[in-house]
Amino acid sequence: MRAPSPNLTLPLAPDFEPTHFRQALSRFATGVTVITTFGPGASKGATHSSQFVGITASSFNSVSLTPPLVLWSLGQRASSLPLFHAGTHYVVNVLAADQADLCQRFATGQGDRFANTDYTLGQAGLPILNGALAWFECHNRSRHEEGDHVIFVGEVERCGFTQASAPLVYQNGQFTTTHALP
């Protein structure tokens, strides 16, 4: 392996196709989340499921303990992007292994995703999915456009967790879960 040239100041063009990059990324196992916020015209105090929007995201990550910050990203072409961009709050729900059906439901743009979904409203008035391993109620602190996505940084105002279940994990195009190594 040769050392990088100190004269290189610009990135080199990728030497791979987008499908190859996507396949390489799929080898990284990620947790699965559902991010919820208010729907069009809704505000704090909303109670009907159609007043909420939720999407599946596997791009969730911690950023900082002090202040408590998390991030996730959403594609520039997502129909829900304007709602998440303009909203003041959202909830990141970390899904359990037995919630693959919720993952699939919130990954599609079909109908009222909250119909027949058990949830409680957090302090910001947004859905916290029952059975989620953890949840983070966030103030929409900042947004950063990078490539074909927007990175959302949330300041966590409240959070909670359970220890009763294994996480839902997505890797190599399949759902799985984790097991402790001996």
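**Exercise 1. Confidence along the chain**

Determine which elements of this predicted model have the lowest and the highest mean pLDDT.

*Solution.* Begin with the elements themselves, of which the chain has 3 helices and 12 strands. Among them, the lowest mean pLDDT, 88, belongs to strand 12 (residues 174–176), whereas the highest, 98, belongs to strand 10 (residues 149–161). Then turn to the chain as a whole, where the average pLDDT is 90 and 90% of the residues score at least 70. As a caution for reading any such model, predicted coordinates should not be interpreted in detail where pLDDT is low.

**Exercise 2. Overall dimensions and contacts**

Describe the extent of the chain, its burial and the sequence separation of its contacts.

*Solution.* First, the C-alpha trace spans about 60 × 45 × 35 Å along its principal axes. Next, 35% of the 182 residues count as buried, while the chain exposes about 11,400 Å², with carbon and sulfur atoms supplying 55% of that area. Finally, among contacts with a separation of 6 or more, 65% are accounted for by residues 24 or more positions apart.

**Exercise 3. Two residues of strand 9**

Decide for N140 and for E145 whether the residue is buried or exposed, and work out the surroundings of each.

*Solution.* Step one is to place the residues: N140 lies in strand 9 (residues 134–146), and E145 is found in strand 9 as well.

Step two applies the cut-offs. N140 is buried because its relative accessible area of 5% falls under the 20% limit. E145 is exposed because its relative accessible area of 57% is over the 50% limit.

Step three examines the neighbours. Not counting residues up to four places away in sequence, N140 touches F84, H85, G87, T88, H89, Y90, F152 and V153. With the same exclusion, E145 is in contact with Q76 and V150.

Step four concerns the polar partners of N140, whose side chain reaches the backbone oxygen of G87 at 2.9 Å and is joined to the side chain of R143 by a polar contact of 3.1 Å.

Step five compares a pair of positions: E145 and T88 are 57 residues apart in sequence, and their C-alpha atoms are 18 Å apart in space.

**Exercise 4. A nonpolar surface patch**

Identify which residues form a nonpolar patch on the surface, and state the accessible area they have together.

*Solution.* The patch consists of F16, F21 and L25, which together have about 290 Å² of accessible area. To locate one of these residues, note that L25 belongs to helix 1, which covers residues 18–26.

How values were computed. Residues numbered from 1 in each chain as written. Predicted model: local features only at pLDDT ≥ 70, side-chain atom pairs only at ≥ 80, totals over all residues. Heavy atoms only, no water. Patch = residues over 30% accessible without salt bridge, like charges linked within 9 Å, V, L, I, M, F, W, Y side chains within 5 Å. Areas by Shrake-Rupley, 256 points an atom, 1.4 Å probe, with all protein chains shown as cover. Salt bridge = Lys/Arg side-chain N within 4 Å of Asp/Glu carboxyl O. Helix = DSSP H or I, 4+ residues; strand = E, 2+ residues; numbered from the N terminus. pLDDT = per-residue confidence, 0-100. Buried < 20%, exposed > 50% of the residue type's maximum accessible area, 1.4 Å probe, protein only. Contact = heavy atoms within 4.5 Å. Polar contact = N/O pair within 3.5 Å; in protein donor to acceptor, adjacent residues only side chain to side chain.
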